[in-house]
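These are my notebook entries on one protein model. I went through confidence, helices, charged pairs and backbone angles in turn.

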Amino acid sequence: MLCQEKLNMAKTISLINMKGGVGKSTLTVNLAWHFAGYTNWSKKILVVDLDPQFNASQYLLGATKYANIIKDGKLTIWNIFEQHTRTPTGKTKFEPKEAIIPVVIMRNGGKIDLIPSCLELALSLQNPYEKEDLLRRTLTKLENEYDMILIDCAPTESLLTTAAYLSSEFILVPVKPEYLSTIGLPLLVSSMLDFHDKYEEHHLELSGIVFNAVTYYSPEEERAKEEVKELAKQNEWYVFSNEINYSRSYPKGAREGQPIFRTSYARTEMAEQFKDFAQEFAKRIGL
């Protein structure tokens, strides 16, 4: 029975970089759509938006539906961190499933659900005492319902970072190959070392670094890639061989609420390129 329960547990991955603007939210959403939407996967995916800017939430729900959810007082990730304090809804205790917003159910049996974020999440950082483990405890009650949990993290070192680490088995780091592309990586090194020192019993593995929004502008991009690869080598971090090219179809897909393989007029090679990366990623985490 215990072995069967372990087999049913979701793979939990946090997408993180201490530098903003690297495409974490877009990558998170497109991975969710890929593993839920393609027939050969048909996975049940939970996206957890752990960024107060709530980009992943708006991408998955659309601006209007997201605004209505907030207006109607639906539970968000903030409620999870404020379970033991008073909230505007007056409700501090709730079942984890109450915080889940269904996004899409696929004909192939896959699905995407969302725990949305909100601006108020930043307020939780003002009083972080004993909140680090609340997300993990919530997701533990949900993990047998999903094949994969993807956590879109904020680009800061905070309570939210520790909560993501405690909730995850793997870390995925998107990096744009440009000047100062390595600026967030030394911070990530220190962050993970500090975490492992404090939580020795928790296994957290960096699945790899993926170059995102690549334009092949030489020699600047090549120089940036070499800097990233050198730092990765020093820390024995894996760098994905498949890269994700820049395409206007990604922001267009965000507006349409669609992944790259369903975005109108998106080039087939862009969808195939993302599929190749997703395959390599799945292999890395043993999916």
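Which residues are linked with Lys 19 in a network of salt bridges? I found Lys 176 and Glu 178 joined with Lys 19 in that network.

**Entry 1. Confidence**

I note that this is a predicted model. The average pLDDT of the protein is 88, and 94% of the residues score at least 70. I looked up residues 1–7 separately, where the pLDDT is below 50. Beyond near neighbours in sequence, this stretch has 1 contact in the model.

**Entry 2. Salt bridges**

I counted 9 salt bridges in the model. In one of them Glu 82 pairs with Lys 131, and the closest N and O atoms are 2.6 Å apart. I then looked up where the two partners sit, and the pair links distant parts of the chain, 49 residues apart. Glu 82 lies in the loop between helix H5 (77–81) and strand S3 (101–105). Lys 131 lies in the loop between helix H6 (121–124) and helix H7 (134–140). Both Glu 82 and Lys 131 are buried.

I looked next at Lys 111 and Asp 113, whose side chains meet in a salt bridge with an N to O distance of 3.3 Å. Are these two buried or partly exposed? Lys 111 has a relative accessible area of 23% and is therefore partly exposed. Asp 113 has 8%, so I list Asp 113 as buried.

Asp 133 and Arg 136 also meet through their side chains in a salt bridge, at 2.6 Å from N to O. Asp 133 is partly exposed, with a relative accessible area of 23%. Arg 136 is likewise counted as partly exposed, at 30%. As a general remark, side chains of opposite charge can pair when their charged atoms come close.

**Entry 3. Helices H12 and H2**

I checked the span of helix H12 (residues 268–285), which has 18 residues. From its first C-alpha to its last, H12 reaches 26 Å, close to the 26 Å expected at 1.5 Å a residue. The buried residues of H12 include Met 270, Phe 274, Phe 277, Phe 281 and Ile 285. Charged and polar residues also appear in my list of buried positions, among them Gln 273 and Glu 280.

Against which elements do the buried residues of H12 pack? I recorded four strands, S1 (11–15), S5 (148–153), S6 (170–175) and S7 (205–211), together with helices H2 (24–37) and H11 (249–256). Directly after H12 comes Gly 286, with a positive phi near 70°.

I then turned to H2, which has 14 residues and reaches 20 Å between its first and last C-alpha, close to the 20 Å expected. H2 is mostly covered, with 13 of its 14 residues buried.

**Entry 4. Loops on either side of H2**

Gly 20 is in the loop between S1 and H2. At 35% relative accessibility I list Gly 20 as partly exposed. I compared its position with that of Pro 155: the two are 135 residues apart in sequence, yet their C-alpha atoms are 5.3 Å apart in space.

Trp 41 is in the loop between H2 and S2. Why does Trp 41 count as buried? Its relative accessibility is 17%, and the cut-off for buried is under 20%, so Trp 41 falls in that class. Leaving out residues up to four places away in sequence, Trp 41 touches His 34, Phe 35, Gln 279, Ala 282 and Leu 287. Ser 158 is 117 residues from Trp 41 along the chain, and their C-alpha atoms are separated by 34 Å.

**Entry 5. Positive phi outside glycine**

Most residues other than glycine have a negative phi. I therefore noted the exceptions at Phe 54, with phi near 50°, and at Glu 236, with phi near 60°. Phe 54 is found in the loop between strand S2 (44–50) and helix H3 (55–61), and is buried at a relative accessible area of 14%. Glu 236 is found in the loop between helix H10 (220–234) and H11, and is exposed at 75%.

**Entry 6. A nonpolar surface patch**

I last looked up the patch formed by Tyr 179, Leu 180 and Ile 183, which is nonpolar and lies on the surface. Together these residues have about 350 Å² of accessible area. Leu 180 is in the loop between S6 and helix H9 (185–198), and is partly exposed at 42% relative accessible area.

Definitions and conventions
Residues numbered from 1 in each chain as written. Predicted model: local features only at pLDDT ≥ 70, side-chain atom pairs only at ≥ 80, totals over all residues. Heavy atoms only, no water. pLDDT = per-residue confidence, 0-100. Contact = heavy atoms within 4.5 Å. Helix = DSSP H or I, 4+ residues; strand = E, 2+ residues; numbered from the N terminus. Expected span 1.5 Å × (residues − 1). Buried < 20%, exposed > 50% of the residue type's maximum accessible area, 1.4 Å probe, protein only. Patch = residues over 30% accessible without salt bridge, like charges linked within 9 Å, V, L, I, M, F, W, Y side chains within 5 Å. Areas by Shrake-Rupley, 256 points an atom, 1.4 Å probe, with all protein chains shown as cover. Salt bridge = Lys/Arg side-chain N within 4 Å of Asp/Glu carboxyl O.
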